[in-house]
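This report describes local features of one protein model. Please look at the sequence and the structure before reading on.

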Amino acid sequence: MLTVLVDYDSGNLHSAEKAFQRMALEVDGGDILVSSEPEDVLRADRIVLPGDGAFPACRNALMQDRAGLYEAIVQAATKDAKPFFGICVGMQMMASMGHEYLDTPGFDWIAGNITKITPSDPKLKVPHMGWNDLQIDNDHPVFAGIATGDHAYFVHSYQFDVTNARHRLAHVDYGGAVTAVVARDTMIGTQFHPEKSQSTGLRLIANFLKWAP
C-alpha cells in the first residue's frame, strides 16, 4: 500500500512525513511518499493533502502552479474513491468557498464555507493557537481509541462552517463551536495538525492508514 503526501510548497512536510512513517511501521500501513507528481497521486492507495498559510495562496499553488496535480487528486479521491485526508488548509479546501482575504472557490467536496473565527469571549485571541479538547459529534472509524476530551493542536484563524451537521465529526469550544474534523464518504479532514497532536494525532493517523471504507 502506498500513501502519498502531496507536496505543493505549502508548509513544511517533514514532521507530517515522519509521523505517517512512524505509524505506517506500527500498523503495517505500507509506504509513505512525499511527492508533487500527478502520476504518484494516481497510483497511490491513499492521499494526504496538508496545507499551511492563506486559503487563496494554497489553492493557487495547488490548482494553478502545478500542471495536472489537482486533476490527479480529483481523480483519485472522488472518481476512484481512494481514502483522502486533508490537514489544516488542506481540509479547508474541501469546502465550497473560502472567505479569507477574498472569496475563493474550494473543491466543493463538502458543502460549507471557510469563515473567520469570531469567539464570543473578546479575551480569546485569533488565531486560535494551542491545545484544545475534542468534542466528538459523529462517530467514525478514524476515532477508534479517541474520545471526547482528548487533546489536539490547532493553529488557525479561519474555520469550516459546514452546511450539513452530519459532515462535522468533531468540534472544539473556542468562544463557540469551531469545527475540528469533517468527513464525507471516503474523505476526512482535520483542522488540527495530527503530526503535532502527540498520542491523539498519531492514533488518528494510524486509524486512517487502516481505514477501509
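The text below treats strands and sheets, one helix, unusual backbone geometry, and charged side chains.

The model is predicted, and local features need pLDDT of at least 70, side-chain atom pairs count only at pLDDT 80 or more, and totals for chains, interfaces and linings use all residues. Residues are numbered from 1 along each chain as its sequence is written, and side-chain values use heavy atoms, with hydrogens and water left out.

**Strands and sheets**

Helices (H or I, at least four residues) and strands (E, at least two) are DSSP runs, numbered from the N terminus. Two strands count as paired if DSSP finds at least two bridges between them. Strands of a sheet pair through backbone hydrogen bonds, either parallel or antiparallel.

An open sheet is formed by four strands in the order β6-β5-β7-β11, with mixed pairing. β6 (104-105) and β11 (158-162) stand at its edges; each has a single partner strand, so one side of each is left without a neighbour in the sheet. Within this sheet, β7 and β11 run antiparallel and are joined by five bridges. Thr115 stands opposite Gln159 in β11.

β8 and β10 also pair in the antiparallel sense, over six bridges. Here Gly130 stands opposite Phe154 of β10. In a regular strand the side chains alternate between the two faces of the sheet. Strand β10 (residues 151-156) has this alternation: Ala152, Phe154 and His156 point to one face and are buried, whereas His151, Tyr153 and Val155 point to the other and are not. Buried means under 20% relative accessible area, exposed means over 50%, and partly exposed lies in between (1.4 Å probe, protein chains only).

**Helix α6**

Helix α6 (residues 198-210) has 13 residues, which at 1.5 Å a residue should span 18 Å; its end C-alpha atoms are 19 Å apart, which agrees. The expected span is 1.5 Å times one less than the number of residues. The buried residues of α6 are Thr200, Gly201, Leu202, Leu204, Ile205, Ala206, Asn207, Phe208 and Leu209.

**Backbone geometry in loops**

Val126 and Pro127 are joined by a cis peptide bond with omega of about 15 degrees. Pro127 belongs to the loop between β7 (112-116) and β8 (128-133).

Ala81 has a positive phi, near 55 degrees, in a residue other than glycine. Its place is the loop between α4 (69-79) and β4 (84-87), and Ala81 is partly exposed at a relative accessible area of 39%. For Asp185, phi is likewise positive and near 55 degrees, again in a residue other than glycine. Asp185 sits in the loop between β13 (177-184) and β14 (187-190).

**Surroundings of Asp45**

Asp45 is found in the loop between α2 (38-43) and β3 (46-49) and counts as partly exposed at 35% relative accessibility. Which residues does Asp45 touch, not counting those up to four places away in sequence? They are Met1, Leu2, Lys82 and Pro83, where contact means heavy atoms within 4.5 Å. A polar atom of the Asp45 side chain lies 2.6 Å from the backbone nitrogen of Leu2. The C-alpha atoms of Asp45 and Asn12, 33 residues apart along the chain, are separated by 23 Å.

**Salt bridges**

A salt bridge is a side-chain nitrogen of Lys or Arg within 4 Å of a carboxyl oxygen of Asp or Glu. The structure holds five salt bridges, including those in the table.

| Pair | N to O distance |
|---|---|
| Arg66 and Asp9 | 2.5 Å |
| Arg22 and Glu26 | 3.8 Å |
| Arg184 and Asp185 | 2.5 Å |

The pair of Arg66 and Asp9 links distant parts of the chain, 57 residues apart: Arg66 is in the loop between α3 (55-63) and α4, and Asp9 is in the loop between β1 (2-6) and α1 (14-27). Asp9 is exposed at 62% relative accessibility.

Arg22 and Glu26 are four residues apart in helix α1, so about one helical turn separates them. An α-helix has 3.6 residues a turn, so residues three or four places apart point the same way. Arg22 is partly exposed at 47% relative accessibility, while Glu26 is exposed at 54%.

In the third pair of the table, Arg184 is partly exposed with a relative accessible area of 27%. Its partner Asp185 is exposed, at 57%.

Terms used:
A polar contact is a pair of N or O atoms within 3.5 Å; within protein, one must be able to donate a hydrogen and the other to accept it, and residues adjacent in sequence count only if both atoms are side-chain atoms.
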